[in-house]
Structure formats: structure tokens, C-alpha cells
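Biologist: I have a structure on my screen and little practice with it. Can we read it together, step by step?

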Amino acid sequence: MNENWNALSKFIIDRRSIKPNDFTGETVPDEIIVKLLELANWAPTHGYTEPWRFTIITGDGLARLGEFYANLDQPNQQAKDFNQLRYDRFRNRPMNCSHVIGIGMVPGTNPKIPELEELCATAMAVQNFWLGLEPLGLAGYWSTGTLAFTDEMRAFLGFSEGAKSLGLFYIGKPSIPHPKGRRLTPIGEKLNWMKS
């Protein structure tokens with residue numbers, strides 16, 4: 001294998017989820033975020049549907065996102081089962097970030113391209129910009145869960161009716177050493193060869 005292969009494989013193997021609690025709070029220039037999202041725009045897409053959509057949240061928008069998310073999770077602070085620690089965790093999560101990217105997908109109208117393919121294409125777009133973080137010394141975390149997929153989240157992120165919200169991607173400078181990766185089983189246990 002050559003130098004390019006070695007560099008690429010290192011970025012893929014070293015990619016990790018690092019949560020916002022482990023970010024420094026430093027701000028990354030917007031131009032870098034746009035460059036990362038340009039990588040996303042080169043993901044494979046069936047029929048050039050390019051279904052991915054992104055909402056970039058930064059500056060005062062981070063506090064607005066935190067308030068929205070905390071209140072979406074627990075709309076009634078007077079409720080008997082209200083959990084203040086959980087509320088504060090949701091509200092404060094974006095505050096250590098440089099940017100948070102809302103991830104959306106707009107399904108196409110071509111009946112030959114099922115929605116599943118559009119979801120896969122959007123996930124590949126996210127992987128593209130996630131891999132771009134590594135050589136820049138940045139960190140990321142794709143957060144999903146029930147709330148991430150709601151119409152309320154879709155509307156908050158400004159995605160059109162019929163679009164899907166696919167979660168939030170938190171970006172920042174890491175305050176911790178890069179975590180080591182692991183896989184539970186080797187690739188050989190996940191292969192099925194068909195040679196004839």
C-alpha cells in the first residue's frame with residue numbers, strides 16, 4: 001500500500017466519538033466548518049438526489065439550542081418527575097462546542113430511489129465531514145435518540161415539511177487525549193465469500 005492509503009486508513013481507524021463535555025469551548029472558524037461540509041457534499045448519492053441538509057448552529061444559537069432541547073425533553077418544569085440534572089445536562093451540552101450541525105434529509109420523489117438509500121447517503125455525508133475533523137485536530141459527536149427525530153426538532157432546525165431530522169453533530173476542540181479504538185470482532189468473522 002502507498003502513502004495515501006496509509007494516511008486515509010489512519011484517519012478512518014482513528015475516528016472517534018468525543019462528547020461535548022470533553023471539548024475546550026474554543027471556537028473554530030466558520031470557514032473550516034464550511035470546508036468540512038464541502039466534504040459531506042461529495043458523498044455518494046443515487047441519481048444525484050443529494051438528500052443531506054445541514055443547519056449550522058454557533059454563537060448565541062448554541063444557548064438557544066440548549067434551551068430548546070432541554071424544554072423539548074422536559075416541557076413541564078413543575079412536573080412531579082422533573083429531573084433538574086437531566087434538564088441542565090441537555091441545556092448546557094452545546095455550550096462547550098464550537099458549532100453544532102443539525103443533520104437533515106430530504107427524501108426524493110423518484111419512486112426508484114427508496115428513502116432508505118437517501119438515509120444511507122446522508123449518513124455517508126456525515127461520515128465524510130467526520131473524517132475531516134481528525135487531521136484538523138478537532139473532535140465530533142453525532143447525537144441521536146427519540147427527540148432528535150421529532151417534527152419539533154425538524155422545525156427548530158429549519159428543515160422543510162417532509163424532511164427528516166437525523167440528530168445533532170457536536171464539533172469542538174478536544175480537551176482530552178484521543179481515545180483508543182477497539183472492535184469486538186475481527187473483520188474475518190463478518191465476511192461471507194462467494195467465489196463461484
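Modeller: Yes. Keep in mind that this is a predicted model. Begin with the secondary structure: the protein has 6 helices and 4 strands.

Biologist: In what order do the elements run from the N terminus on?

Modeller: The order is α-α-β-α-α-β-α-β-α-β. Now look at the extent. The C-alpha trace spans about 65 × 45 × 35 Å along its principal axes.

Biologist: How many of the 196 residues count as buried?

Modeller: The share is 36%. Nonpolar side chains tend to be buried together in soluble globular proteins. Here, the largest nonpolar core holds 23 residues.

Biologist: Which members of that core touch the most other members?

Modeller: They are Y69, V100, L168 and Y170. At least two core residues come from each of α3 (61–73), α4 (84–92), β3 (139–143) and β4 (164–172). The largest share, 5 residues, is supplied by α3.

Biologist: Take V100. What does V100 touch, leaving out residues up to four places away in sequence?

Modeller: Its partners include L62 and L65, and also L168, F169 and Y170. T55, I56, I57 and P94 are on the list too. There is also a second, separate core of 20 residues, with V28, L37, A125 and W130 among them.

Biologist: And contacts across the sequence?

Modeller: Count contacts with a separation of 6 or more: 78% join residues 24 or more positions apart.

Biologist: What about the outside?

Modeller: The protein exposes about 12200 Å², and carbon and sulfur atoms supply 54% of that area. As for charge, there are 21 positive and 21 negative charges, and their mean positions lie 7 Å apart.

Note on methods
Residues numbered from 1 in each chain as written. Predicted model: local features only at pLDDT ≥ 70, side-chain atom pairs only at ≥ 80, totals over all residues. Heavy atoms only, no water. Core = buried A, V, L, I, M, F, W, Y, C linked by side-chain atoms within 4.5 Å. Buried < 20%, exposed > 50% of the residue type's maximum accessible area, 1.4 Å probe, protein only. Contact = heavy atoms within 4.5 Å. Areas by Shrake-Rupley, 256 points an atom, 1.4 Å probe, with all protein chains shown as cover. Lys, Arg positive; Asp, Glu negative; His and termini not counted. Charge placed at Lys NZ, Arg CZ, Asp CG, Glu CD.
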